[in-house]
Amino acid sequence: MLSRATTNAVAYRASSMRRMRRRVVNANRLYCNTNGCTSFLVVNEATGTALCEICGYTRKLH
């Protein structure tokens, strides 16, 4: 059984790895901003928006 400190350390490390993956590996792709969604946005140049196909999050592009 994991202690509370071990559980917190594992959760912190997992979130750190997600942050690093977002920044380094895919710096030129748009990442979904919703909590818990780990997908990339699909850009629609015609409408100037980006859409997450998993959760439906939509973002306007500047």
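Two strands pair if DSSP finds at least two bridges between them. Keep that rule in mind for this tour of a predicted model.

**Stop 1: the whole chain**

Start with everything selected. The protein chain holds 1 helix and 3 strands, and from the N terminus on the elements follow the order α-β-β-β. Of its 62 residues, 15% are buried. The accessible surface comes to about 5200 Å², and carbon and sulfur atoms account for 54% of that area. If you like contact maps, consider the contacts with a separation of 6 or more: 9% of them come from residues 24 or more positions apart.

**Stop 2: the sheet**

Now select the strands. They form an open sheet of 3 strands in the order β1-β2-β3, with antiparallel pairing. At the edges sit β1 (41-44) and β3 (58-60), each of which pairs on one side only. Ignoring direction, neighbouring strands of this sheet are turned by 25° against each other on average.

Zoom in on strand β2, residues 49-52, which is joined to β3 by 3 bridges, the two running antiparallel. Which residue of β3 stands opposite Thr49? Click across and you will find Lys60.

**Stop 3: Gly48**

Step back one residue to Gly48, in the loop between β1 and β2. Gly48 is partly exposed, at a relative accessible area of 23%. Leaving out residues up to four places away in sequence, Gly48 touches Arg59, Lys60 and Leu61. Try a distance label from Gly48 to Leu61: the two are 13 residues apart in sequence, and their C-alpha atoms are 5.4 Å apart in space.

**Stop 4: the nonpolar core**

Next, select Cys32, Cys37, Leu41, Ala50 and Cys52, the 5 residues of the largest nonpolar core. In soluble globular proteins, nonpolar side chains tend to be buried together. Two members are good to check by accessibility: Cys32 is buried with a relative accessible area of 2%, and Cys52 is buried with 1%.

Keep Cys32 highlighted and show its surroundings. Not counting residues up to four places away in sequence, Cys32 touches Cys37, Ser39, Leu41, Cys52, Cys55 and Tyr57.

**Stop 5: the cysteine sulfurs**

With several cysteines on screen, how many disulfides are there? The count comes to 0 disulfides. Label the distance from the sulfur of Cys32 to that of Cys55, the nearest cysteine sulfur, and you should read 3.7 Å; Cys32 is in no disulfide. Then do likewise for Cys52, where the nearest cysteine sulfur is that of Cys37, 3.6 Å away, and again Cys52 is in no disulfide. Why do these pairs fail to count? A disulfide needs the two sulfur atoms within 2.5 Å, so the 3.7 Å between Cys32 and Cys55 does not qualify, and neither does the 3.6 Å between Cys52 and Cys37.

**Stop 6: Ser39**

Finish with Ser39, which you met among the contacts of Cys32. Ser39 has its place in the loop between α1 (4-25) and β1. Is Ser39 buried or exposed? With 12% relative accessibility, Ser39 counts as buried, since the limit for buried is under 20%. Show the neighbours of Ser39, not counting residues up to four places away in sequence, and you will see Tyr31, Cys32, Cys52 and Ile54. Both Cys32 and Cys52 in that list belong to the largest nonpolar core.

Note on methods. Residues numbered from 1 in each chain as written. Predicted model: local features only at pLDDT ≥ 70, side-chain atom pairs only at ≥ 80, totals over all residues. Heavy atoms only, no water. Buried < 20%, exposed > 50% of the residue type's maximum accessible area, 1.4 Å probe, protein only. Helix = DSSP H or I, 4+ residues; strand = E, 2+ residues; numbered from the N terminus. Contact = heavy atoms within 4.5 Å. Areas by Shrake-Rupley, 256 points an atom, 1.4 Å probe, with all protein chains shown as cover. Core = buried A, V, L, I, M, F, W, Y, C linked by side-chain atoms within 4.5 Å. Axes fitted to C-alpha atoms, helices over the stretch in contact; angles between N-to-C directions.
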